[in-house]
Amino acid sequence: MKASFELAAESSLDALSRIGDFILSSTRGSGLDQRETFHLITAVDEACTNIIKYSGSGGIELTCDVEEGQVAVQIRDDGVAFNPLEAPEPKLDLPLEERRVGGLGIHFIRTLMDEVRYERKGEKNVLTMILQHRRNRSV
């Protein structure tokens, strides 16, 4: 199965449920199991939440490419240039009361996805997240 789906959403926390529904419907029949689907929706939600809260973008564009063995989601926004892959890793070994608030969303994205890429194309941030089907991962 190879298919591509697109969504344009406003940069608003109210749009997150619509974005989650888009990922769910786009990946239906793709072979992702429940856990993989949860991981993908969580990573997309975290990325979009950061865009909405911090980028100043007026909207978010998503493309979900479903291919044999993997799903790739590309998220584009016209906000302030920000490469999340350059953000420092959170200090998970510190006691909770000593940790900085926030910063776990990017950690979740890095941990849950098999591949994450960022590029700045013109005036747009482009984040690509790829999730391999579990049965296609080398263990």
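Which residue takes a positive phi in the hairpin of β4 and β5? Select the turn and you'll find G122, with phi near 60 degrees, in a hairpin that has two residues between the strands. Keep in mind as you click around that this is a predicted model.

**Stop 1: the sheet**

From the hairpin, widen the selection to the strands. You get an open sheet of five, in the order β1-β2-β3-β5-β4, with antiparallel pairing. Colour β1 and β4 next: they stand at the edges with a single partner strand each, so one side of each has no neighbour in the sheet. From one strand to the next, the twist averages 15 degrees.

Now walk across the pairs:

- β2 (59-67) and β3 (70-77) run antiparallel and share eight bridges. Show V66 and you'll see V71 of β3 standing opposite.
- β3 and β5 are also antiparallel, joined by eight bridges. Here, pick A72 and look across to I130 in β5.
- β4 (115-121) and β5 (124-132) are antiparallel too, with seven bridges. R117 sits opposite T128 in β5.

If you toggle side chains on, bear in mind that in a regular strand they alternate between the two faces of the sheet.

Stay on β5 for a moment. Seven of its nine residues are buried, so the rest of the structure largely encloses this strand.

**Stop 2: the helices on the sheet**

Bring in α1, residues 16-27. α1 packs on the sheet and touches β1, β2 and β3, and its direction makes about 175 degrees with that of β1. Then add α2, residues 34-55. α2 packs on the sheet as well, touching β2, β3 and β5, and its direction makes about 5 degrees with that of β3.

How do the two helices sit against each other? α1 and α2 pack at an angle of about 145 degrees, and their axes are 10 Å apart. Their crossing is right-handed. To see the contact, select L16, I19, G20, I23, L24 and T27 in α1 together with T37, L40, I41, V44, D45, C48, T49 and I52 in α2. By type, this contact divides into nine nonpolar residues, four polar and one charged.

**Stop 3: the core**

Next comes the largest nonpolar core, which has 30 residues. Put L40, V44, L62, V73, I75 and M129 in sticks: these touch the most other members. At least two core residues come from each of β1, α1, α2, β2, β3, α3 (104-112), β4 and β5. Which element gives the largest share? That's α2, with seven residues.

Zoom in on I75. Beyond its neighbours within four places in sequence, I75 is in contact with V44, A47, C48, I51, I60, E61, L62, N125, V126, L127 and M129.

**Stop 4: A43**

Finish back in helix α2, at A43. Is A43 buried or exposed? Its relative accessible area is 0%, so A43 is buried. Leaving out residues up to four places away in sequence, A43 touches I109, L112, M113 and M129. For a last distance label, try A43 to V73: they are 30 residues apart in sequence, and 9.8 Å apart in space from C-alpha to C-alpha.

Conventions. Residues numbered from 1 in each chain as written. Predicted model: local features only at pLDDT ≥ 70, side-chain atom pairs only at ≥ 80, totals over all residues. Heavy atoms only, no water. Axes fitted to C-alpha atoms, helices over the stretch in contact; angles between N-to-C directions. Helix = DSSP H or I, 4+ residues; strand = E, 2+ residues; numbered from the N terminus. Left-handed = near helix turned anticlockwise from the far one by under 90°. Contact = heavy atoms within 4.5 Å. Nonpolar A, V, L, I, M, F, W, Y, C, P; charged D, E, K, R; others polar. Core = buried A, V, L, I, M, F, W, Y, C linked by side-chain atoms within 4.5 Å. Buried < 20%, exposed > 50% of the residue type's maximum accessible area, 1.4 Å probe, protein only. Pairing = 2+ DSSP bridges.
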